[in-house]
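User: Please give a close account of the metal sites in this model, and of the helix pairing that follows one of them in the chain.

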Amino acid sequence: MPQLLKHYGEGFWASNFHDYRQMHDADHHTIGCTNCHDPQQQMRLTITSVPLDEALKRQGRDWRQASHQEMRSLVCAQCHVEYYFETREHGVAAKPHFPWDKGMNPEDIYQFMADGQPDRDGFAGQFADWIHAVSKSPMLKAQHPEYEMFHDSIHAQAGVSCADCHMPRVRNGPVVITSHHWTSPLRSEQMIQSACLGCHQDQTPAFLRSRVEYHQKRVWRQLNIAQEKSVRAHEAVRLAMEYPGLDKALLAQAREHVRKGQWFWDYVAGPQWHTDRWVTGRHEHRRP
Ligand code: HEC
Ligand code: HEC
Ligand code: HEC
Ligand code: HEC
């Protein structure tokens, strides 16, 4: 990406990435070591994502000053985040932009998406990913806000990083290395041991697994209730639209509620962690 950006400039973002397949040997150079490591600096952790670099700058942060422990999460925030594409009319066409300027909780992001300033945010006024076919509400689509969801969790506040849980130290023959197999830390008892028990010495793997499952089950149940209500709300607005003397302001207000409700639902539905487990009823991963 940095190379292509240098070569094509801002026009790169709206280009067809399919065209770069051959040049970049997609089987071998998808997510590569240099996404996170600087080979010129003894493989020091680095940030190559332009949208992340810019989002941090707007927050008054600079990853070059970040602690080593912060970097062990920031490298993941290059991809495991929420974003939207700037529009051609008001920004750089198809350039990813992180909606963090008002804060990183879903309420903050919702507010941010309501009031874009053309030059600053790359869109004007209310952002809509699409207009819902049933209720004609302007909708937002959540991507995969893992870093945002994590950032004010009990673990983040305690200074734990993504890598602490997802990249535990593992033995590889005679040496101990940082695991680069990004997957669920609950994959095996051995994984839980290396990923969690360093800090939770007084717990058993079975107990920790049961705590995670307890939370996941409750979230999954709430998610299903919320989505049922969301579907009904779209339908209610559609029915209201058929009423001849309808108050336009009231209808706009109803659509705003539908947009908001679905955003909060989607924010939780987006990350894959619970859906994999509870849709299939098994702990299974899409990739062997
Ligand atoms: C998604 C980001 C990411 C990618 C991609 C990645 N690494 Fe790492 N790597 C890390 C993190 C985080 C650490 C832990 C660094 C630390 O705490 O000092 C690490 C540590 C290392 C270390 C230090 C030794 C160790 O075991 O701790 C080496 C060497 C390394 N990586 C090599 C590689 C190579 C080679 C590739 C490509 C095949 C690669 N990494 C891809 C994030 C990444
Ligand atoms: C360059 C982009 C990129 C970076 C950087 C990155 N990831 Fe990912 N990650 C992905 C993609 C793409 C997937 C695959 C999603 C899929 O297949 O559905 C993924 C999948 C995962 C999964 C799920 C794997 C499974 O078993 O299904 C975990 C866990 C994960 N990443 C953790 C991390 C952590 C921790 C870091 C930082 C150390 C990180 N990722 C950095 C892009 C990235
Ligand atoms: C305290 C430990 C912990 C920390 C810190 C943590 N995670 Fe996770 N992560 C988990 C657990 C536990 C799961 C659920 C795994 C499961 O259900 O099997 C998970 C699930 C995931 C998944 C989905 C994996 C899958 O198999 O579907 C992704 C992606 C992910 N985490 C990324 C991240 C990123 C990015 C960060 C940092 C911003 C992070 N995690 C921080 C423990 C952690
Ligand atoms: C680097 C240290 C560290 C690692 C690694 C870690 N935790 Fe934690 N965890 C903490 C701290 C600190 C707390 C805050 C409560 C406390 O002090 O016990 C906590 C709290 C928890 C809680 C209670 C959450 C709540 O809402 O009350 C659970 C459950 C938990 N961790 C599970 C895990 C699991 C599962 C893993 C491995 C995937 C893990 N932790 C890895 C440090 C860690």
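**Metal sites and the α11–α12 pair**

Analyst: In this predicted model, His155 (NE2) and His200 (NE2) coordinate the iron atom of ligand 4 at 2.0 Å; donors are N, O and S atoms within 2.8 Å of the metal (3.2 Å for Na, K and Ca), and water is not among the atoms, so sites may look incomplete. The two residues are 45 residues apart and link distant parts of the chain: His155 belongs to helix α8 (residues 154-157), His200 to the loop between α10 (189-196) and α11. Helices (H or I, at least four residues) and strands (E, at least two) are DSSP runs, numbered from the N terminus. The site of the iron atom of ligand 4 is octahedral, its six donor atoms making angles of 86 to 179°; the term requires opposite donors over 155 degrees apart and all others between 65 and 115. Ideal octahedral angles are 90 or 180 degrees.

For the iron atom of ligand 2, His80 (NE2) is the only protein donor, at 2.1 Å. His80 sits in the loop between α4 (68-74) and β3 (84-85).

Helix α11 (residues 205-241) and helix α12 (residues 248-269) have axes that come within 10 Å and cross at roughly 155°. The pair is therefore roughly antiparallel, a term for angles over 145 degrees. Contact (heavy atoms within 4.5 Å) involves, among others, Val219, Leu223 and His234 in α11 and Leu251, Arg255 and Trp265 in α12. The contact residues comprise 12 nonpolar, four polar and one charged.

Residues are numbered from 1 along each chain as written, and chains are lettered from A and ligands numbered from 1 in written order. Local features need pLDDT of at least 70, side-chain atom pairs count only at pLDDT 80 or more, totals for chains, interfaces and linings use all residues, and side-chain values use heavy atoms, without hydrogens and water.

Methods:
Axes are lines fitted to C-alpha atoms, for helices over the stretch in contact, and angles run from 0 to 180 degrees between N-to-C directions. Angles under 35 degrees count as roughly parallel, over 145 as roughly antiparallel, 65 to 115 as roughly perpendicular and the rest as oblique. Ala, Val, Leu, Ile, Met, Phe, Trp, Tyr, Cys and Pro count as nonpolar, Asp, Glu, Lys and Arg as charged, and the others, Gly among them, as polar. Four donors count as tetrahedral if all angles lie between 85 and 135 degrees; four count as square planar and six as octahedral if opposite donors are over 155 degrees apart and all others between 65 and 115; anything else is irregular.
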